[in-house]
Amino acid sequence: MTQHLKNRGRWSGLVLLTALCGIPWYWPDDNFGWHAWLVPGWVWVTLIAAIALSALVVWAALKGWPDESVE
Amino acid sequence: MQALPLETGSLIFVAGYLLSLLVIGWFASRQRQDKSLGDYYLGGRGMGLWVLMLTLFATQYSGNALFGFTGQAYRVGFTWLAILHSMIAVVAGYLLFAPQLQRLSRQHHFITPNDYVEFRFPSRALSALVALCLIVVLINYVLAQLKVMGLMVEGLSGGQVDAFWGVVVLAIIMMIYSTIGGMRSVAWTDAIQGAMMLMGFVLIAIIIERDMGGWSPAFEQLREIAPEKLAPPDGRGAVTWLSTVILIGIGASVYPQAIQRIYAARSARTLQQSLAGMAVLPLFAVVVVLALGFVAIARFPGLEGAAADQVMALIMRDVLSTGWFGHVVVTLLLGAILAALMSTADSALLALSSIFAKDLYGKYLRPTASDAACARAGQWCAWLILGGLVWLSTQENLTLYRLFVLKFEILLQVAPAFYLGVNFPSLRSTPILLGLVTGLCVAVGGWSMGWMPFGLHPGTVGLLFNGLMIITAHYALSLRALGTKVAD
């Protein structure tokens, strides 16, 4: 697998997909002890996670694209 | 859809917008360089950054984004935030196969998604099955858009114009500009429609703050009326979250019309930058649409099932009653909704037409036909299919979300051919074919029975079986080949 997934974009894609799928498993019942403004804490954490993952996708798209000369 | 008491000015704006689409179609037809299928279906493979990004955006965010997403947010509450992660996952999914696919498409002049499948896995049975799956998905996709168009026209006219005739007029306009201009016309109108949709999302944010009492009181009210809709997902909910991200993230990345846009990109750099832009858009577009659904829970309590898909119309009705600014906002929003519906339907129809022209007509029905003859056959096919779907759109009785999910159940089973095809050179066609058949049986069978084991969508379970079958068949074939080698 490593041999064929040799560019950062593909690795990043895999890691990001896993992270996006795995996020709700970590929401505690007490909303991180955070009774926040407008909506519960877990919603804010979800939104922050989405922003972080979106930034990673942008990075992976711009910097992780395979080098055609190598491929 | 609820009747909206629109003024003449609003209707003139909508008519002007529809007319402008025809003008763009005519202009695009003048830009055609030759009569090849590549020029007609891929716009000569010269799509630049902004057009590519906006057409990808407009294609991916359909009528469901405005009606289905708000409806589902209303029904299930904040656990539907999974759709935000899913739309980001779509772009993460592209990263796993789009760079290689784009490079191959330039080298081997692919037109349809199936061209890649045939190139990579030379099996007639596999390519025929993939073509069939894509046709079913595209038909389902267009049907969902037509259904919303009908509801919208009926609502706009206060029930005076029948949904059927509304859909007929919109469908004819859509077909005229996509028939005369091909991908160029569809992409250019998509770019305008994408920009209108983005403007629509800004307006929604303004509506919530200005006309719905603001975000803070609305969420306070929501906390009192339906606290269960603010709760994080429980164990089963977390499984459904995971399943939704897989279903949409992987399924939507292999939309036939999206794959054709990968082929149509001017260069690898253009595609790279467009995908980077696509990764940011959900943070804005999806969040405001969901917020509208959440705010509507407090404002219009008691809607259930398919009725919840009407929250957008109910909100627009409320906004209209606030005066001249409300009329302007609703008029622009209507333009954005029409844009969302038409941009998705026209892209799907063009993809459908190309699959018929290239994969069926040019290959099986008339192998000696010229490119121009194939394109003409594809156009006729699109007109005929659209005619049937217009009729069907007024007969169906499924909620928008259910229609939305069905296409992903099937698309997800086709995804391994692309994802694994570009990443694993030793993989052969038999494991992919066996996996596809297994996955389809599980996914479609499960869907028809309404089966959701542990909160997983039938398509996700199908993908699991699909993957297991691919691995088993791949290693079984490898072992057999090794055995034969040793015996020799």
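In this predicted model, the centres of domain 1 and domain 2 of chain B, taken over C-alpha atoms, are separated by 30 Å. The bounds, which come from an automatic or database domain assignment, are 8-409 for domain 1 of chain B and 424-488 for domain 2 of chain B. Where these domains touch, 17 residues of domain 1 of chain B meet 16 residues of domain 2 of chain B; contact requires C-beta atoms, placed from the backbone, within 7 Å. On the domain 1 side, two or more residues each come from α8 (124-156), α11 (235-253) and α17 (400-423) of chain B. The largest share, seven residues, belongs to α11(B).

Residues are numbered from 1 along each chain as its sequence is written, and chains are lettered from A in the order in which they are written. Local features need pLDDT of at least 70 and side-chain atom pairs pLDDT 80 or more, whereas totals for chains, interfaces and linings use all residues.

Between the chains, chain B and chain A give 34 residues each to the contact. On the chain B side, α5, α6 (98-108), α10 (215-225), α11 and α13 each supply at least two residues; helices here are DSSP runs (H or I, at least four residues) numbered from the N terminus. The greatest contribution, eight residues, is that of α5(B).

Helix α5 (residues 82-95) of chain B has 14 residues that should span 20 Å at 1.5 Å a residue, and its end C-alpha atoms are 20 Å apart, which agrees; the expected span is 1.5 Å times one less than the number of residues. In α5(B), 14 of 14 residues are buried, that is, with 20 or more other C-beta atoms within 10 Å of their own.

Helix α2 (residues 41-63) of chain A and helix α13 (residues 268-299) of chain B have axes that come within 8 Å and cross at roughly 175 degrees. The two helices are therefore roughly antiparallel, a term for angles over 145 degrees. Their contact includes Ala50(A), Ser54(A) and Val58(A) of α2(A), and Gln272(B), Ala276(B) and Val280(B) of α13(B).

The composition of these contacts is tabulated below, with Ala, Val, Leu, Ile, Met, Phe, Trp, Tyr, Cys and Pro counted as nonpolar, Asp, Glu, Lys and Arg as charged, and the others, Gly among them, as polar.

| Contact | Nonpolar | Polar | Charged |
|---|---|---|---|
| Domain 1 of chain B, side touching domain 2 of chain B | eleven residues | four residues | two residues |
| Chain B, side touching chain A | 27 residues | six residues | one residue |
| α2(A) with α13(B) | eleven residues | two residues | no residues |

Conventions. Buried ≥ 20, exposed ≤ 12 C-beta atoms within 10 Å, placed from the backbone. Axes fitted to C-alpha atoms, helices over the stretch in contact; angles between N-to-C directions. Parallel < 35°, antiparallel > 145°, perpendicular 65-115°, else oblique. Contact = placed C-beta atoms within 7 Å.
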